[in-house]
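Subject: Structure for you to look at

Dear colleague,

I am passing on the structure we talked about, and I would be glad if you could open it and keep it beside you while you read. My notes come after it.

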Amino acid sequence: MTDPLTWLFSQAVRIRNARYDSGRAPVSRLRLPVISVGNLSVGGSGKTPFVQTLGRWLAAQGIGYDVLSRGYRRHSRGVLRVDPSPRQANFGLAGDPGSPAELYGDEPLLLARTLEAPVFVGEDRFLAGLAAEAWARQNGGLARLHILDDGFQHRQLHRDFDIVLLAAGDLRGTLLPFGRLREPLSALARADAVAAPEDLAPLLTAPNVWQVRRRLVLDRPAPSRPLAFCGLARPQQFWQSLGQAGIQPVATYAFGDHHRYTARDIALLKRLARQHEANGFVTTEKDLIKLDAAELGEVCAPQLRIELADADTKFTAMLETAGVR
């Protein structure tokens, strides 16, 4: 039997989607095509590394783009262009609006630094898109499309191609507030492509299923006895990826998703490292940009790559469907 709060949430989702499906809810359209990368569940599906994969592929084809993001849990409002330069230390007390991660959000900052493409944050992604197009005109930008980060539920902005990433537990998941799903699985009917892990893809009946694989890439060797920590929605996925990459932490510690690191957290990690005789730390790229690695000593942050099978064919077809010129 469905609990009352889950039932209320499901009805709210149903009514909201019905308004958009029927055309009664207003939808804004940008001048450039919009490719949305989103998911059904709360965190952990790999949206950010998939945006990185897509961005790198576009850059390799000579196709200019920008990224539009909400800037989840940022301590600012309105539309901002993310400044990727490390103009000041990222480490500070939680809630300090002066650090880049607090100003823009950790994921937009990571995207701006790794992709070297314009990234705009804004609660209203249409306004963020208008700002991106205006900035491109004023600065000689060559963007031919927008990538809408975490955009599947942001239906007030028209999109020309919807990519939805599935996490391992989504097929047996339940709706918020007690489950992790933002929408029921039936919402996948709106997607132009469903990107799913190799073991999940064969179970899907959606017409356009993209098979993806997660892989950690290290730019240097990890410590031999690392303490692993992260602030992710699904930390177990990170621990498993470390094992698959041949990294065996002496201990692990999980903070909350999008955790803001404080001096107390740094002291805790140092204490745990001494307790377990660790000779360094391993964490995620997203966590590393929110703290001062010098405070911890040796810190390794492998890149999480999302690899798409037959990427050239699928991304080329995506551009054609989206009308990218």
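What follows is a short account of the aromatic rings.

Please keep in mind that this is a predicted model. The structure holds 11 aromatic pairs, and one of them is formed by Phe50 and Phe315, whose rings meet edge-to-face, with 6.2 Å from centre to centre and 75° between the planes. This pair links distant parts of the chain, since Phe50 belongs to helix α2 (residues 47–60) and Phe315 to helix α9 (residues 311–322), and the two are 265 residues apart. Phe50 has a relative accessible area of 0% and is therefore buried, and Phe315, at 1% relative accessibility, counts as buried because the limit is under 20%.

Phe315 also pairs with Trp57: their ring centres are 5.2 Å apart and their planes stand at 55°, so this pair is tilted. Because Trp57 lies in helix α2 and Phe315 in helix α9, the pair ties together parts that are 258 residues apart in sequence. Both Trp57 and Phe315 are buried.

If you then look at the wider surroundings of these rings, you will find that Phe50, Trp57 and Phe315 form one aromatic cluster together with Phe161 and Trp210.

A separate contact involves a charge and a ring: the charged end of Arg190 sits over the ring of Phe152, at 4.1 Å from the centre of that ring.

With best wishes

Technical notes: Residues numbered from 1 in each chain as written. Predicted model: local features only at pLDDT ≥ 70, side-chain atom pairs only at ≥ 80, totals over all residues. Heavy atoms only, no water. Phe/Tyr/Trp six-rings, centres within 6.5 Å; stacked < 30°, edge-to-face > 60°. Helix = DSSP H or I, 4+ residues; strand = E, 2+ residues; numbered from the N terminus. Buried < 20%, exposed > 50% of the residue type's maximum accessible area, 1.4 Å probe, protein only. Lys NZ or Arg CZ within 6 Å of the ring centre and 35° of its normal.
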